Amino acid sequence: MEVPAALYGTQKEVSARVRGMLKQVQTGEPLDVAVGEERLDPAKAGAMIVLQGRSRLISQVPTIHIYEPLYEIGLANLEEKLSNEVMERVFEQALSLPWAVLSLIARANNYWFYPERRHRPFWEKVLKFWASFDAVGPLYTFGGSEMKDLWSVPNNAHYVAIHLGVPEEVVQQPLPPAGLAALAEMTRRPS
């Protein structure tokens with residue numbers, strides 16, 4: 001899995017880069033183009049992938065702030081600087097980009113899951129891309145220096161899985177031997 005290189009750095013560096021792309025997104029530039037073409041492989045770089053959002057504990061440590069583009073776009077929408085139409089367009093674009101689906105998984109981006117009609121399309125993309133997210137190994141953090149595998153870090157895949165019918169006690173456990181496929185079956189059962 002590769003992520004935009006622009007998302008790697010200290011919190012201050014990445015935030016400045018991402019804020020610079022907001023105008024591009026607002027004027028219709030695709031999300032993937034707005035964040036830049038250069039890519040980084042987190043596994044090769046050994047870089048932590050931050051899912052919680054802005055954390056003072058690691059703000060000065062170069063990390064991958066995967067949540068940042070969609071977080072800034074969500075903030076701009078809340079501040080009425082970006083329209084709901086732009087939000088819908090960006091959400092649709094995000095679902096086609098593995099790194100952006102990972103950005104949506106980040107707990108910092110829970111804002112994107114209202115309305116609930118976004119749950120199923122998001123979940124389907126999580127299932128599609130999960131193997132690549134998991135393959136980077138225990139590089140994920142919720143804002144501290146401890147790195148874990150993706151399922152072990154609080155994230156929006158947990159939230160959506162519960163809302164699609166996976167029992168909360170199942171989500172709070174390590175993934176079963178069948179992996180995410182076992183949970184996917186639970187989301188397909190009638191309520």
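The following paragraphs describe the overall fold, the largest pocket and selected residues of a predicted protein model.

Residues are numbered from 1 along each chain as its sequence is written. Because the model is predicted, local features require pLDDT of at least 70 and side-chain atom pairs count only at pLDDT 80 or more, whereas totals for chains, interfaces and linings use all residues; side-chain values use heavy atoms, with hydrogens and water left out.

The protein contains ten helices and six strands, where helices (H or I, at least four residues) and strands (E, at least two) are DSSP runs numbered from the N terminus. Along the principal axes, the C-alpha atoms fill a box of roughly 45 × 35 × 25 Å. The radius of gyration is 16 Å, which agrees with the value near 16 Å for a compact globule of 191 residues; this radius is taken over C-alpha atoms, and the globule rule is 2.2 Å times the number of residues to the power 0.38. Of the 191 residues, 49% count as buried (buried, under 20% relative accessible area; exposed, over 50%; partly exposed, in between; 1.4 Å probe, protein chains only). The protein exposes about 9300 Å², of which carbon and sulfur atoms supply 52%; accessible areas come from the Shrake-Rupley method with a 1.4 Å probe, and for residues only the protein chains shown count as cover. Among contacts with a separation of 6 or more, 68% are made by residues 24 or more positions apart, a contact meaning heavy atoms within 4.5 Å.

The largest pocket holds about 160 Å³ of space. A pocket is here an open set of points on a 1 Å grid over the protein atoms alone, where a 1.4 Å probe fits, with protein on both sides within 12 Å along at least five of seven lines; lining residues have an atom within 4 Å of a point. Grid points are joined across faces, edges and corners, and the volume is the space filled by probe spheres set on the points. The lining includes Arg107, Asn110, Tyr114, Asn155 and Asn156, together with His158, Tyr159, Ile162, Glu168, Val171 and Gln172. Helix 8 (156–163) and helix 9 (168–171) each supply at least two of these residues, and helix 8 gives the most, with four. By class, four lining residues are nonpolar, five polar and two charged (nonpolar: Ala, Val, Leu, Ile, Met, Phe, Trp, Tyr, Cys and Pro; charged: Asp, Glu, Lys and Arg; polar: the others, Gly among them).

Helix 6 (residues 98–105) is largely enclosed by the rest of the structure, because seven of its eight residues are buried. These are Trp99, Ala100, Val101, Leu102, Ser103, Leu104 and Ile105. In the loop between helix 6 and helix 7 (119–135) lies proline 115. The peptide bond leading to proline 115 from tyrosine 114 is cis, with omega near 20 degrees.

Two glutamates differ in their surroundings: glutamate 72 counts as buried, at 6% relative accessibility, whereas glutamate 80 is exposed, at 74%. Glutamate 72 belongs to helix 4 (residues 68–78) and, not counting residues up to four places away in sequence, touches Val18, Arg19, Leu22 and Arg54. Glutamate 80 is placed in the loop between helix 4 and helix 5 (84–94) and, although not a glycine, has a positive phi of about 60 degrees.

Methionine 186, in helix 10 (residues 180–188), is buried, with a relative accessible area of 17%. With residues up to four places away in sequence not counted, methionine 186 touches Leu164, Gly165, Val166, Pro167 and Val170. The C-alpha atom of methionine 186 is separated by 9.7 Å from that of isoleucine 162, 24 residues apart along the chain; Ile162 is one of the residues lining the largest pocket.
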